[in-house]
Amino acid sequence: MPETSEKKKVILSAIQPSGTITLGNYLGALRNWVNLQNDYNCIFAVADLHAITVRQDPKQFRQNIYNAYALLLACGIDPEKSPVFIQSHVHTHTELAWILNCFTQFGELSRMTQFKDKSRKYSNNINAGLFTYPTLMAADILLYRADMVPVGADQKQHLELARDIAERFNSIYGNVFKLPEPYISNIGARVMSLQEPTKKMSKSDENVNSWIAVLDKPETIMKKFKRAVTDSEAVVRIGEGKDGINNLIGIMSAVTGKTNDDITAEFEGKGYGDFKTAVAEAVIEELRPIQTKFNEYIANKDYLEEQYRKGAEFALKLSLRTLDKAMNKIGFIAK
Ligand code: AQP
């Protein structure tokens, strides 16, 4: 079992199995997480508890959890180096989340933009879990005394709230929680929807043509890129009002390492059809080795089970120290 070294900072990252993992999750998060393993003590989680704020089909959900776990490994996360656990396997998360609920104000949670967005999107199921999602996220982070958390723009507000809750608790009970900092990666790309390129690509988007799944077949990837929304200018360049093309250039650049100018020069005089085909081909090649590894991992449930059990054991041991300390400070009687 990996031991956290005192010298390296702790980074906690999690992904929700709320659908099939997208190219956005990969380019914006997973790919960068792999590189963090060398410089930090990384802990990774499949945040399955978070995913049920939206109704999930049980069979599909179970498969999505396995797939997310296997994909983390297929992308290059090494469970021998960085523990990878499934959130619901570690009971401290829900326990600390309850405690933190009692240190979080209704007004604070009401201001969370993700809550407002998701309440609009799922207006027939605005459940309390959707509302208190940020306190569970705060528990995820604070339990491991994480120094840093890689966050996209949409999660920054939740991280700030986690810091506020931690500070409030610490001001009453002393130094129990470490205040986490956002880890802003300068290589993380923000990938937009292929159908509504002003919105980010999201795995829970009901329009399957809006996202590329990391596990999509090559022909599906090609088809989805060919259907991607563009503009009428027919020039491959970054520009205002060209959200679709800007997004495709961003994807091409993230996958090939070419600059935007290189890409514009390469496709000068060519139409969007050629460009879309080239982007699709580059993405297919980027994802091919990951898909091959994924197929190996997902076929080996025994290995996955061994790893997620070890991950949970490690996570429980580490997180219990923080939970016990917090409970003791509040005045609960130790078991
Ligand atoms: N489109 C994106 N571009 C770049 N990064 C992205 N991430 C998500 N979408 C994009 C990053 O992926 C990590 C894991 O995300 P998550 O599963 O915890 O939740 P999310 O951000 O809510 O992702 P989705 O795909 O949009 O899920 P749903 O549809 O369920 O809400 C995070 O680091 C995130 O920034």
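This report walks through a predicted model, starting at its ligand and moving on to some helices and single residues.

**Around the ligand**

Let's begin with the ligand and its neighbours. The shell around it holds 19 residues, and those that come nearest are Ser18, Val191, Ser202, Lys203 and Ser204. If you sort the shell by class, you get six nonpolar, eight polar and five charged residues.

Three polar contacts are worth finding on your screen. Here they are side by side:

| Residue | Part of the residue | Ligand atom | Distance |
|---|---|---|---|
| Ser202 | polar side-chain atom | oxygen | 2.6 Å |
| Lys200 | N or O atom in the side chain | oxygen | 2.9 Å |
| Gly24 | polar backbone atom | nitrogen | 3.2 Å |

How much of the ligand's accessible area does the protein cover? On its own the ligand has 650 Å² of accessible area, and the protein covers 93% of that. Two elements, β1 (10–15) and α1 (23–36), each give two or more residues to the shell. The largest share comes from α1, with four residues.

**Helix α7**

Now scroll along to α7, which runs over residues 128–143. You can do a quick check on its length here. A helix should gain 1.5 Å a residue, so the 16 residues of α7 should span 22 Å, and the C-alpha atoms at its ends are indeed 22 Å apart. There's still a kink in α7, though: about 40°, centred on Pro134.

Is α7 mostly covered or mostly exposed? Mostly covered: 13 of the 16 residues in α7 are buried.

Both ends of α7 have something to look at. At the N-terminal end, Asn127 acts as a cap, with a side-chain oxygen 3.0 Å from the backbone nitrogen of Gly129. Just past the other end sits Arg145, with a positive phi of about 50°.

**Two residues with a positive phi**

Why give Arg145 a second look? Most residues other than glycine have a negative phi. Arg145 isn't a glycine, yet its phi is positive. You'll find Arg145 in the loop between α7 and β4 (148–150). Its relative accessibility is 31%, so Arg145 counts as partly exposed, a label for values between 20% and 50%.

Ala234 is another such case: not a glycine, but with a positive phi of about 60°. Ala234 is in a loop too, the one between α9 (218–226) and α10 (243–256). With a relative accessibility of 41%, Ala234 also counts as partly exposed.

**Helix α13**

Next up is α13, which covers residues 301–330. Try the length check again. At 1.5 Å a residue, the 30 residues of α13 should span 44 Å, and the C-alpha atoms at the two ends are 41 Å apart, so the numbers agree. α13 isn't straight all the way: at Leu320 it bends by about 30°. Right after α13 comes Gly331, with a positive phi near 120°.

Several residues of α13 are buried, including Leu304, Tyr308, Phe314, Leu318 and Leu323. Ser319 is also in α13. Why is Ser319 called buried? The relative accessible area of Ser319 is 0%, and buried means under 20%, so Ser319 qualifies. What does the side chain of Ser319 pair with? One of its polar atoms lies 2.7 Å from the backbone oxygen of Ala315, and Ala315 is itself one of the buried residues of α13.

**Separation along the chain and in space**

Finally, here are two pairs of residues to trace. Start with Ala74, which is in helix α3 (residues 58–74). Ala74 has a relative accessible area of 3%, so it's buried. Along the chain, Ala74 and Pro289 are 215 residues apart, and their C-alpha atoms are separated by 8.4 Å.

The other pair begins with Glu167, in helix α8 (residues 156–173). Is Glu167 buried or partly exposed? Its relative accessible area is 43%, so Glu167 is partly exposed. Glu167 and Ala299 are 132 residues apart along the chain, and 45 Å separates their C-alpha atoms.

Definitions and conventions
Residues are numbered from 1 along each chain as its sequence is written. This is a predicted model: local features need pLDDT of at least 70, side-chain atom pairs count only at pLDDT 80 or more; totals for chains, interfaces and linings use all residues. Side-chain values use heavy atoms; hydrogens and water are left out. A residue is near a molecule or strand if one of its heavy atoms lies within 4 Å of it. A polar contact is a pair of N or O atoms within 3.5 Å; within protein, one must be able to donate a hydrogen and the other to accept it, and residues adjacent in sequence count only if both atoms are side-chain atoms. Accessible areas come from the Shrake-Rupley method with a 1.4 Å probe; for residues, only the protein chains shown count as cover. Ala, Val, Leu, Ile, Met, Phe, Trp, Tyr, Cys and Pro count as nonpolar, Asp, Glu, Lys and Arg as charged, and the others, Gly among them, as polar. The expected span of a helix is 1.5 Å times one less than its number of residues. The bend at a residue is the angle between axes fitted to the seven residues ending there and the seven starting there. Buried means under 20% relative accessible area, exposed over 50%, partly exposed in between (1.4 Å probe, protein chains only).
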